[in-house]
Amino acid sequence: MDLKEAIYRRRAVREFTSQPVDEQVLRQLIDAAIQAPSAVNQQPWLFTIVQDKALLARISREAKAHMLRTSAAALASHHFQSILENPDFDIFYHAPALVVISAPEGPWVVEDCALAAENLMLAACAVGLGTCWIGFAQAWLGTSEGKSSLKLSGMTVPVAPIIVGHPKTAAAPVPRKAAKVDWIS
């Protein structure tokens with residue numbers, strides 16, 4: 001698959017088969033991720049791969065509870081509240097792997113990790129894998145308990161929790177709005 005096709009085909013995937021993702025393939029995805037640009041070429045990222053189902057389930061439970069305690073958006077939205085309160089809802093959608101892209105605290109770590117994340121997601125699409133950035137996990141992973149679950153130091157910022165797996169079905173195209181462009185000459 002060429003780059004343009006991957007860009008146009010990549011979608012958030014939330015239904016996976018139980019087939020694990022091969023370690024070599026995960027290494028290839030990370031190799032693609034580290035090709036991303038970074039501020040002052042610091043390349044600050046750290047990749048934590050979680051495949052342990054018990055740990056993924058624990059993170060899911062803790063992240064849901066944390067959001068219900070602390071997130072105004074979760075409390076204001078009946079939809080978010082109902083799914084976060086559902087004990088059967090897995091924020092990782094039973095994906096076989098979670099890749100968390102982190103970096104030491106710094107002025108551009110969010111941008112650096114986001115660039116690496118997009119490379120990883122495009123590379124996954126190109127080899128037939130599905131991905132989804134899991135925003136529900138972010139706040140809890142940034143707590144001391146969350147960082148500890150990933151064996152991250154206190155000065156490390158977990159930015160991009162991305163699930164990876166073999167999609168059950170092809171993700172349907174999502175209509176895109178026309179770009180809003182202001183030309184200033």
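Okay, before the pockets, one bit of vocabulary: Asp, Glu, Lys and Arg count as charged, Ala, Val, Leu, Ile, Met, Phe, Trp, Tyr, Cys and Pro as nonpolar, and the others, Gly among them, as polar. Also, keep in mind that what you're looking at is a predicted model.

Let's use those classes on the second largest pocket. Its lining splits into six nonpolar, two polar and five charged residues. That's 13 lining residues, and the ones nearest the centre are Lys53, Leu56, Ala57, Asp90 and His94. The volume of this second largest pocket comes out at about 200 Å³.

Now, the largest pocket. Here we have about 270 Å³ of space. There are 18 residues lining the largest pocket, with Arg9, Arg11, Cys125, Ala170 and Ala171 closest to its centre. Helix 1 (3-9), helix 6 and strand 3 (130-133) each give two or more residues to that lining. By class, the lining of the largest pocket has eleven nonpolar, four polar and three charged residues.

So helix 6 has come up already; let's stay with it. Helix 6, residues 109-126, packs on helix 2, residues 23-33, at an angle of about 135°, and the two axes are 7 Å apart. That angle makes helix 2 oblique to helix 6. The crossing of these two helices is right-handed. And who's touching whom? On the helix 2 side it's Leu29, Ile30, Ala32 and Ala33, and on the helix 6 side it's Ala116, Asn119, Leu120, Ala123 and Ala124. Going back to our classes, this contact of helix 2 with helix 6 has eight nonpolar residues, one polar and no charged ones.

That's it from me, thanks.

How values were computed: Residues are numbered from 1 along each chain as its sequence is written. This is a predicted model: local features need pLDDT of at least 70, side-chain atom pairs count only at pLDDT 80 or more; totals for chains, interfaces and linings use all residues. Side-chain values use heavy atoms; hydrogens and water are left out. Axes are lines fitted to C-alpha atoms, for helices over the stretch in contact, and angles run from 0 to 180 degrees between N-to-C directions. Helices (H or I, at least four residues) and strands (E, at least two) are DSSP runs, numbered from the N terminus. Angles under 35 degrees count as roughly parallel, over 145 as roughly antiparallel, 65 to 115 as roughly perpendicular and the rest as oblique. A crossing is left-handed if the near helix is turned anticlockwise from the far one by less than a right angle, and right-handed if clockwise. Contact means heavy atoms within 4.5 Å. On a 1 Å grid over the protein atoms alone, a cavity is a set of points where a 1.4 Å probe fits but cannot get out, and a pocket is an open set with protein on both sides within 12 Å along at least five of seven lines; lining residues have an atom within 4 Å of a point. Grid points are joined across faces, edges and corners, and a volume is the space filled by probe spheres set on the points.
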